[in-house]
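Student: I would like to look closely at a single part of this protein and then follow it outward into its surroundings. Could you take me through it slowly?

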Amino acid sequence: MPSKTLHIPTPDGRADAFAAFPDDGERHPGVLMYPDGFGIRPVLREMARELAGHGYFVVVPNVFYRHGPAPVIDLPEHIGEEARPAVFARLMPLIEAHTTERVLRDAEAYLGFLTARPEVGAGPVAVTGYCIGGLLAMRTASAHPGRVAAVAGFHGPVVADGPDGLHRLLSPITAEVHLGHAASDLTPEALGELNRALDAAGVDHTSEIYPGTVHGFTMSDTDAFDAAALRRHWDRLLPLLERTLAHG
């Protein structure tokens, strides 16, 4: 599957990004894939290539580009529990500096760049994300109804801003939504509250806890990885994109 590094102009500089796409000379629907907090690395490139193999032009931006090109910090090949404290000590200042205002400025730039690519077909795109990227995906869909036809978030902190913030986040969304939650992140009671909020906002959605999972279950380079949950993620994501994005 062809891939390359791209550079996306933004109001604050240039964001490096990984792109994967079919090698057939055709135009394909665009997908913006937000990484988890660990950023662009082999597992994210592998996932982008896999998704591209189903007929999509996939772009994974380095959301921390203001601090340098990816990888912004050195990461071990496997991010085990023993490595996490030191990694998060370096990551948290970057995450905390990535304000909602920055997220929305970047989202505008990412979507404009993606939809202007000659390899990307006309029409709306999809946005997906992992961990903090799941929240960024939802914020992007909320800020750009009509431009985003589908949004998916996996083990993402979508309720991070509390009930009022959640209402503001959900109300503008016109995309079809899938949220796959880790069992360690969300109780059944909290899931019920979230799903009632989605219903109240009129969002077409599926939102479920993936059984037996812990935060980060899609990422094969972490101790949280769950192969069955990753398959479930693809089983939810691919039909969502097929329903909502025009191929060809």
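Student: At 1.5 Å a residue, what span should the twelve residues of helix H4 (residues 132-143) have, and how far apart are its end C-alpha atoms?

Tutor: Before we start, please keep in mind that this is a predicted model, in which local features need pLDDT of at least 70 and side-chain atom pairs count only at pLDDT 80 or more, while totals for chains, interfaces and linings use all residues. Residues are numbered from 1 along each chain as its sequence is written, and side-chain values use heavy atoms, with hydrogens and water left out.

The twelve residues of H4 should span 16 Å, and the end C-alpha atoms are 17 Å apart, which agrees. The expected span is 1.5 Å times one less than the number of residues, and the helices and strands named here are DSSP runs, numbered from the N terminus (helices H or I, at least four residues; strands E, at least two).

Next, consider how H4 sits in the structure: the helix is mostly covered, with eleven of its twelve residues buried. Buried means under 20% relative accessible area, exposed means over 50%, and partly exposed lies in between, for a 1.4 Å probe and protein chains only. Among the buried residues of H4 are Gly133, Gly134, Leu135, Leu136, Met138 and Arg139.

Ile132 also belongs to H4, and this residue counts as buried because its relative accessible area is 16%. Leaving aside residues up to four places away in sequence, Ile132 touches Pro35, Asp36, Gly37, Ile95 and Pro157, where contact means heavy atoms within 4.5 Å. Ile132 and Val31 are 101 residues apart in sequence, and their C-alpha atoms are 17 Å apart in space.

Cys131 lies in the loop between E5 and H4. The phi angle of Cys131 is near 55 degrees, which is a positive value in a residue other than glycine. His155 likewise has a positive phi, of about 40 degrees, although His155 is not a glycine. His155 is placed in the loop between E6 and H5, and with a relative accessible area of 1% this residue is buried.

Cys131 and His155 both help to line the largest cavity, together with other residues including Asp36, Gly37, Arg84 and Met219. Asp36 and Gly37 also appear among the contacts of Ile132. The largest cavity holds about 100 Å³ of space, and the structure has two cavities of 30 Å³ or more.

H4 contributes to an open space as well, because Arg139, Ser142 and Ala143 are among the residues lining the largest pocket, and a cavity is, on a 1 Å grid over the protein atoms alone, a set of points where a 1.4 Å probe fits but cannot get out, whereas a pocket is an open set with protein on both sides within 12 Å along at least five of seven lines, lining residues having an atom within 4 Å of a point. The largest pocket contains about 190 Å³ of space, a volume being the space filled by probe spheres set on grid points joined across faces, edges and corners. Helix H3 (100-116), H4 and helix H5 (162-170) each supply at least two residues of this lining.

To see Val31 in its own setting, turn to the sheet, in which eight strands are arranged in the order E1-E2-E4-E3-E5-E6-E7-E8, forming an open sheet with mixed pairing. Strand E1 (3-10) and strand E8 (205-210) are the edge strands, each pairing on one side only, and two strands pair if DSSP finds at least two bridges between them.

Strand E3 (residues 30-34) pairs with strand E4 (residues 57-61) in the parallel sense over three bridges. Gly30 has Phe57 of E4 as its bridge partner, and Val31 stands opposite Val58 in E4. In a regular strand the side chains alternate between the two faces of the sheet. Both faces of E3 are covered, since Gly30, Leu32 and Tyr34 on one side and Val31 and Met33 on the other are all buried. Five of the five residues of E3 are buried, so this strand is largely enclosed by the rest of the structure.

At the edge of the sheet, E7 and E8 pair in the parallel sense over six bridges, and His181 has Ile209 of E8 as its bridge partner. Five of the six residues of E8 are buried, so E8 is also largely enclosed by the rest of the structure.
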